[in-house]
Amino acid sequence: MDRINEGPLDHMIEDAIRCEPLAELPLDFSRLFLEQVKIEEKPKFQVLSWVDLVSSMIIAITIGIAFLIPTFLPEQFSPLMQWSLQWAEYWLTKALFSLPGIILPIGAVVFMIGLMVFGFKGIQMFLKRTKFRRDMLLLF
Amino acid sequence: MEFIEETTLIKRAITGDTYAFAELVTMHQLFLYNLALRAVSHSQEAQDVTQETFIRAWKGLKNFRGESGFRTWLYRILMNLCYDRYPRLQREKNTISLEEDEEEIPVESYLEQGSEQVELSQFIQQELRNLPEIYRLVLSLRFKQELSYQEISEVMDMPIGTVKTTIFRAKAQLKERLLLNQEVHTWIA
C-alpha cells in the first residue's frame, strides 16, 4: 500500500504543488551556452581564426613599418642608420660564434613562449572562476 | 508523438546537430531551471547550474544510452552538479537516509470545512518555500514533474524507500503547518 496517498490533506498538498506557478526563464537564458555549444563544435582553427588574423596583421604591419622607416627618415639620419645596421651585423656575427650569444637568445625565446602560454592559461583559469566566464570564454 | 520526436532529436543531437540540441534545450529548460531554483533558491545560481547542466549534457550526449528518460538523465546531471557545488544538499540527503528507520510522524488529516481552497493552496505554496531543499526537490519531482519513485530515486541518488520517506516527511511538515495555521485562524475568529 502506498502510504503517501492517504487523506484529503494529501490531495490538497499535491494539488497545490501541481498548481504552483513556474518561475519564468531569464531573458537570453539559452543564447550564451548554445553559442558556446556551437563554437565547441567548430574545428579549433576556426575558433582561433580571428586571433590568427589579428596576430598576422600585427606582424605584417610591424614588418611593413620596419621597411618603411628608412624611406620616411630625413636624409641626415641615413649615415646613422647605416652605421647602426653595420654595428648590429657585426655584433650578431660575433654572437653566432660565442656560446652565450647562442644560448641567451634561445633562452629568451623559450622564456617568452612560456610566459605567453602560462599567461593565457592563467587568464583562462581566472575567467573560469568568475561569473562572466561564459561571455569572456566566447571571445577565446 | 512527443516521445518519438524527442528520440529523433536526441539521435540528431548525438551526431552533432546543434539545432536538434537547441530544440531539446527549449523543451526542457523551463522545468530544469525551476528544479534548480528549488535546489539552490537563488535565480542567478539556478541559471548558472542549469546552463552548466546543458553544457555537460551536450558533452556527454554520446554516453546517453536511453535506458532512462532523457528528462530523468538531465535531472540527474543537474542534481549531481548541485551535490558537487552545494555540499549541504548532500549532507541533507544523507541525514534523511540515516533517519529512514525512525518512527513515522503521525499527523491528523483533519481540516475544518469552509476554508477557502485557493487561500489554502497559496498557503501551502508559501510554506513549500520554507521546507528544506531536499523536501522541496522531491515533492516537485513527484507532483510537479510527475516522476515515478524509481525515477526520483535515480535522479536524487537515493534508495526508493528513502524517497518515499522523504515525501511522507515533507507532506507531514506541510500538514502540520497547515493545521497550525488553521488553529491560529480559529483562535483569532
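Me: How much area is buried between chain B and chain A?
Reply: In this predicted model, the size of an interface can be approached through a common convention. The size of an interface is often given as the accessible area lost when the parts come together. On the side of chain B, B:Phe143, B:Lys144 and B:Lys171 supply 15% of the area that this chain buries against chain A, more than any other three residues. Carbon and sulfur atoms give 64% of the area buried between the two chains, and that area is about 3,900 Å².

Me: Which residue of chain B meets the side chain of A:Asp10 in a salt bridge?
Reply: Across the interface of chain B and chain A, the rule finds five salt bridges. A salt bridge asks for a side-chain nitrogen of Lys or Arg within 4 Å of a carboxyl oxygen of Asp or Glu. The N to O distance of 3.2 Å from A:Asp10 satisfies that cut-off, and the partner is B:Lys171.

Me: Which helix gives the most residues to the side of chain B that touches chain A?
Reply: The contact takes 50 residues from chain B and 34 residues from chain A. Across the interface, the rule finds 10 residue pairs in polar contact. The elements of chain B that give two or more residues to this side include helix H3 (43–60) and helix H9 (160–188). The most, 12 residues, come from H2(B).

Me: Is A:Thr62 buried, partly exposed or exposed?
Reply: A:Thr62 has its place in helix H4 (residues 49–72) of chain A. Buried means under 20% relative accessible area and exposed means over 50%. Because its relative accessible area is 48%, A:Thr62 is partly exposed.

Notes. Residues are numbered from 1 along each chain as its sequence is written. Chains are lettered from A and ligands numbered from 1 in the order in which they are written. This is a predicted model: local features need pLDDT of at least 70, side-chain atom pairs count only at pLDDT 80 or more; totals for chains, interfaces and linings use all residues. Side-chain values use heavy atoms; hydrogens and water are left out. Contact means heavy atoms within 4.5 Å. Buried area is the accessible area (1.4 Å probe) that two parts lose on being put together, summed over both. A polar contact is a pair of N or O atoms within 3.5 Å; within protein, one must be able to donate a hydrogen and the other to accept it, and residues adjacent in sequence count only if both atoms are side-chain atoms. Helices (H or I, at least four residues) and strands (E, at least two) are DSSP runs, numbered from the N terminus. Buried means under 20% relative accessible area, exposed over 50%, partly exposed in between (1.4 Å probe, protein chains only).
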